[in-house]
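Student: I have a new structure to read. Can you walk me through it, one feature at a time?

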Amino acid sequence: MTVTKKIDVKAGKPYSVKIGKGLLDKAGEEAKALGLDGKALIVSDDNVAALYLERVSASLKSAGFEVLSFVIPHGESSKSAENLLAILEFAAENAFSRTDTFFALGGGVVGDLCGFAAAVYMRGTNFVQLPTTLLAAVDSSVGGKTAIDLTAGKNLAGAFYQPKLVLCDTATFDTLPDEEFSNGMAEVIKYGMFCDGGFLDILTESNTDIESMVARCVAIKARVVEADEFDKGERMFLNFGHTIAHAVEALSGYTTPHGSAVAIGMAVITKACVNANECDNHALEVLISLLKKYNLPSECPYGVDEVYNVTLKDKKNAHGMITLVLPTAKGKSILKKCDYNELKEIITLGLK
Ligand code: ADP
Ligand code: ZN
C-alpha cells in the first residue's frame, strides 16, 4: 500500500489533488468528507466504464450518494456539443440540483466534457475529477480548464471551472495502453524541461515511483496555475513544445496523438534554440534521450512552410505576435514574444 500524496491548489476556490493507489474505492468517503452529498452523476467513456464504473458507483453509494451514470463513446469526437447537451438534459430529467455533484471518471476527454457540463449546469454544480490516464492526471485534471470541440477546432467552447477535488488512482494506469502512457510521459518530460532540471535527472536515472512523479508534475502545475488562474501570463510556460505540437497535430489530420506531437514540438523548439546558440546542447541531449526512453518521437515529419503556415492559424497567435517558450538550459526556459519573421526563423532552425 503506497502513501497517498496530497497537493493543495490555491487558485480561486482551493481544492486538493490526492494521488495514490486504490483511491477510486475511496471516492465516496472523500467526497462526503468535503460535505458533498445527494445525487452523483458519473460521466465516463465506454472503455473506462467497463473497467471502473462499478467500483466508483459502489463507493459513492456506500457513502450515501444516489448514483446515476452517463457513458459516452471513447475518443476525441465525444467532446461535442451534442454530448454536452445530452449530459445537461440527463441531469435535468433526473432532477439534479446545484448542490449535487458531477464526477468525471476517465481521461482528458471525459474530464473536459464533464467539467464543462458541471460549469454550466444550473450555472455551476459541484465537480470532482477522477483522472484515469497519466495525461489527465498530470495535465488536464488540474487547472480548471474545461471545454468541448467545435467544428472549427478543438477546445473552442469552454469555461474556467475548478473541481472540488481531484482523486488520482494511479492503479488505473495499469490498464492504460502503452501508447497512452507514453503520451502522458511527454507532458511529464515537459514539466522538467521548462522548469525542473532535477526532475529530468530523476526521470533519466529512473526509478521514481509513479505517485511521486505525478505529484511532482501536479505541484508544478498547481504553482503555475495559482500564479495565473485565467491564463494571462505564467501559464504560457505550460505551452512548452505546444506551438509546434498543435501544427503537427493539425498537419496529421489529428491522427498524431497529443503526447507524440508535444514530444516532436519540444524537440524542434529545443533544437532551434541550440542552433541559435541560445540554449546549451546538454538540454537537447537529455530531452532526446528521455523521449527515446519513453518511446516518443523527436523527428518532425513536416517541412518548414507547412509548419509555419499552420502555426499562423493557431488561436494563441494574437495581434501578429506569438509567445513561445524557449529553453535556455536543462530545466530552464523563458517566454519570448515573436513576430512572424522570428517565428519562421525559429521553425527553420528547429527543422535543420
Ligand atoms: P487523454 O487523457 O489522453 O486526453 P482520453 O480521455 O481520450 O485521452 O483517453 C485515452 C484513451 O484511453 C481512451 O480510449 C480511453 O477510453 C482510454 N482509457 C482511459 N483511461 C484508461 C484506463 N485507466 N485504462 C484503460 N483505458 C483507459
Ligand atoms: Zn498538452
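Tutor: We will take the metal site, then the ligand shell, then some single residues. Keep in mind that this is a predicted model.

Student: Which residues are the protein donors of the zinc ion (ligand 2)?

Tutor: Start with the atoms that face the metal. Glu-187 donates through OE, while His-242 and His-258 each donate through NE2. These donors lie 1.9 to 2.1 Å from the zinc ion. Water is not among the atoms, so a site may look incomplete.

Student: What spacing do the donors of the zinc ion follow along the chain?

Tutor: Write it as a pattern. Here the spacing is E-x54-H-x15-H. Now add the helices. Glu-187 lies in α6 (residues 178–195) and His-242 lies in α9 (residues 242–251), so this pair ties together parts that are 55 residues apart in sequence.

Student: Is Glu-187 buried or exposed?

Tutor: Look at relative accessibility, where under 20% means buried. Glu-187 has 0%, so Glu-187 counts as buried. His-242 has 6% and counts as buried too.

Student: Which residue of helix α5 should I look at beside this site?

Tutor: Try Asp-139, which is found in helix α5 (residues 134–140). Its relative accessibility is 15%, so Asp-139 is buried. Leaving out residues up to four places away in sequence, Asp-139 touches Glu-187, Tyr-191 and Lys-221. Glu-187 is also one of the zinc donors.

Student: Now for the other ligand. How many residues surround ligand 1?

Tutor: Count the shell, then pick out the closest members. The shell has 17 residues. The closest are Asp-45, Gly-108, Thr-132, Thr-133 and Thr-175. By type, the shell divides into seven nonpolar, eight polar and two charged residues.

Student: Which polar atoms lie by the oxygen and nitrogen atoms of ligand 1?

Tutor: Take the contacts one by one. A polar side-chain atom of Asn-47 is 2.9 Å from an oxygen atom of the ligand. A polar backbone atom of Val-109 lies 3.1 Å from an oxygen atom of ligand 1. In the side chain of Thr-175, an N or O atom is 2.7 Å from a nitrogen atom of the ligand.

Student: How much of ligand 1 does the protein bury?

Tutor: Compare the ligand alone with the ligand in place. Alone, ligand 1 exposes 570 Å². The protein buries 87% of that area.

Student: Which elements give two or more residues to the shell around ligand 1?

Tutor: They are α2 (46–62) and α4 (108–120). The largest share comes from α2, with four residues.

Student: What can the backbone angle phi tell me about Arg-123?

Tutor: Check its sign and the residue type together. Arg-123 is not a glycine, and its phi is positive, near 60°. This residue is found in the loop between α4 and β6 (126–131). Arg-123 has a relative accessible area of 78%, so it is exposed.

Student: Where does Asn-155 lie, and what is its phi?

Tutor: Asn-155 lies in strand β8 (residues 153–160). Its phi is positive at about 55°, although Asn-155 is not a glycine. At 33% relative accessibility, Asn-155 counts as partly exposed.

Student: One last case. What separates Ala-86 and Ala-117?

Tutor: Use two numbers, one along the chain and one in space. Ala-86 and Ala-117 are 31 residues apart along the chain, and their C-alpha atoms are separated by 9.6 Å. Ala-86 has its place in helix α3 (residues 81–93). With 28% relative accessibility, Ala-86 counts as partly exposed.

Technical notes: Residues are numbered from 1 along each chain as its sequence is written. Chains are lettered from A and ligands numbered from 1 in the order in which they are written. This is a predicted model: local features need pLDDT of at least 70, side-chain atom pairs count only at pLDDT 80 or more; totals for chains, interfaces and linings use all residues. Side-chain values use heavy atoms; hydrogens and water are left out. Donors are N, O and S atoms within 2.8 Å of the metal (3.2 Å for Na, K and Ca); water is not among the atoms, so sites may look incomplete. Buried means under 20% relative accessible area, exposed over 50%, partly exposed in between (1.4 Å probe, protein chains only). A residue is near a molecule or strand if one of its heavy atoms lies within 4 Å of it. A polar contact is a pair of N or O atoms within 3.5 Å; within protein, one must be able to donate a hydrogen and the other to accept it, and residues adjacent in sequence count only if both atoms are side-chain atoms. Accessible areas come from the Shrake-Rupley method with a 1.4 Å probe; for residues, only the protein chains shown count as cover. Ala, Val, Leu, Ile, Met, Phe, Trp, Tyr, Cys and Pro count as nonpolar, Asp, Glu, Lys and Arg as charged, and the others, Gly among them, as polar. Contact means heavy atoms within 4.5 Å.
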